[in-house]
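Student: I am new to this structure and would be grateful for a close look at its sheet and at what is packed around it.

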Amino acid sequence: SVAKLSDSPGKTMTTNNTPAIHSGIGPATATPELLTTIGWAPETQRSGTSVLIDHHFGTLTSTDGDVIVTTLADALVRYPWVQALVFDLITPEEDEVLRRAFESQREPLGTFTWVKDNAHVELPSQSFTIMTKPQERQFVHDITVIGKNATVDFVSGAAVAPELTHATHVSVSETYIGAGATVRSIDVDRWGANMTVHSYDRTKIDENARVTSVSVAVSGLKQSVNNSPTEVAAGAAITDHTILFAPTGTRRDMTNTVSLTGPGAQAEQVARMVSDGGVIVNRSTLEAAVAEVRGFLECDGLMLQDTGQIESIPALDAKVARAQLSHEASVGMIDDDKMDYLMATGLDEDRARDLIVQGFLNLDDQQVPASVRATVDNLVTAARGAEKM
């Protein structure tokens, strides 16, 4: 049976409904209190919920008949058509990390989420991955299918036990968005300080669909490698905002490609990156495969120290005439005048820096919910504090 998270913060329930005693490590740390920091809400406030804890599901449920949430292993049996979707947008042979992770498992570990055609889902669907065991290696493969003309919001994220610092996570996400669908999503990651994370996200957006996504990755970790191609069909549009923070000791490598494959396709990609001694490498490409498409790419970086690095590589690839693609890119330091002004009001240097960072990240414009906005502010402060320990 699948254990259910208690709605009471600070507690988790075992399968016999006995409150579990927990410390800073282990599955019992996967409490509602921990999950709330990355956007979780009680199941009654969500159309679907999946919480993967290490190698088992702590919660897997749906409150809406138009939203199917189950394990990928179960979906392959219940819905034979899902077989054609697994590793359709990506191959396990893409690189050595993915190949080794794929070969390490006999049965897929991950979630299958299906929003049916024409569904107008009132409550968001949520999906989270939690790691609680030190030195663990976790490989997750998620499949998401959004039906034609469906409307749905998603909240997702990842977190670790309070005292977990060393582990490896590899994830594959294949998302299929049907024609005319409207999808909004927010994803918040909070990994451990010495973790290695590899993410392979593949998205196919059919004709006239509308997609808005916000990704937040501001906690420190050893290395994060993300590869995220997206294909946008005729008349479809995607707006994708990414918020990155890299304290000392953190390296983030991102490679994003948006291919506009049909007339009328549109894309807006915005990345806001802050290095506080860490390294961020961001390769973003807008690709026009046909005429009559429009795309805009913005990459803004803020350096808080003389150490660290932000390498921003925006690219426009127009393969035909009559494609409108543009980009803006900048990297700078904190304005001394702004620091002096804030400190003159009585703030110490650290608090003044945090306020400047929060303003640069421009969370209000990203349409981030207030609860997640507060989480981002706290994670930035915590990450800056951790590097001084």
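Tutor: The account below begins with the whole chain and then turns to the sheet, a helix across it, the cores and one residue.

The model is predicted, so that local features need pLDDT of at least 70 and side-chain atom pairs count only at pLDDT 80 or more, while totals for chains, interfaces and linings use all residues. Residues are numbered from 1 along each chain as its sequence is written, and side-chain values use heavy atoms, with hydrogens and water left out.

The protein chain contains six helices and 19 strands; these are DSSP runs numbered from the N terminus, helices being H or I with at least four residues and strands E with at least two. Of its 389 residues, 53% are buried, where buried means under 20% relative accessible area with a 1.4 Å probe, protein chains only. Among contacts with a separation of 6 or more, 83% are between residues 24 or more positions apart; a contact means heavy atoms within 4.5 Å.

In the open sheet, 10 strands follow the order E2-E1-E5-E7-E9-E11-E13-E15-E17-E19, with mixed pairing. Two strands pair if DSSP finds at least two bridges between them. Strand E2 (56–62) and strand E19 (323–333) form the edges, each pairing on one side only. On average, neighbouring strands are turned by 5° against each other, direction ignored. Within the sheet, strand E7 (residues 151–160) and strand E9 (residues 182–190) run parallel and are joined by nine bridges; Val155 has Ile186 in E9 as its bridge partner.

Helix H5 (residues 349–361) lies across strands E13 (237–247), E15 (266–276) and E17 (293–303), at about 170° to E15. Such angles run from 0 to 180 degrees between N-to-C directions, with axes fitted to C-alpha atoms, for helices over the stretch in contact.

The largest nonpolar core has 42 residues, and those with the most contacts inside it include Val115, Ile146 and Leu260. E17 gives the most to this core, with four residues. Apart from it lies another core of 29 residues, among them Leu34, Ile53, Ala159 and Val274. A nonpolar core is a set of buried Ala, Val, Leu, Ile, Met, Phe, Trp, Tyr and Cys residues joined through side-chain atoms within 4.5 Å.

Finally, Leu98 lies in helix H3 (residues 96–103) and counts as buried because its relative accessibility is 0%. Not counting residues up to four places away in sequence, Leu98 touches Ile90, Thr91, Pro92, Phe139, Val172 and Tyr200. Val172 is 74 residues from Leu98 along the chain, yet their C-alpha atoms are separated by 8.6 Å.

Definitions and conventions: Buried means under 20% relative accessible area, exposed over 50%, partly exposed in between (1.4 Å probe, protein chains only).
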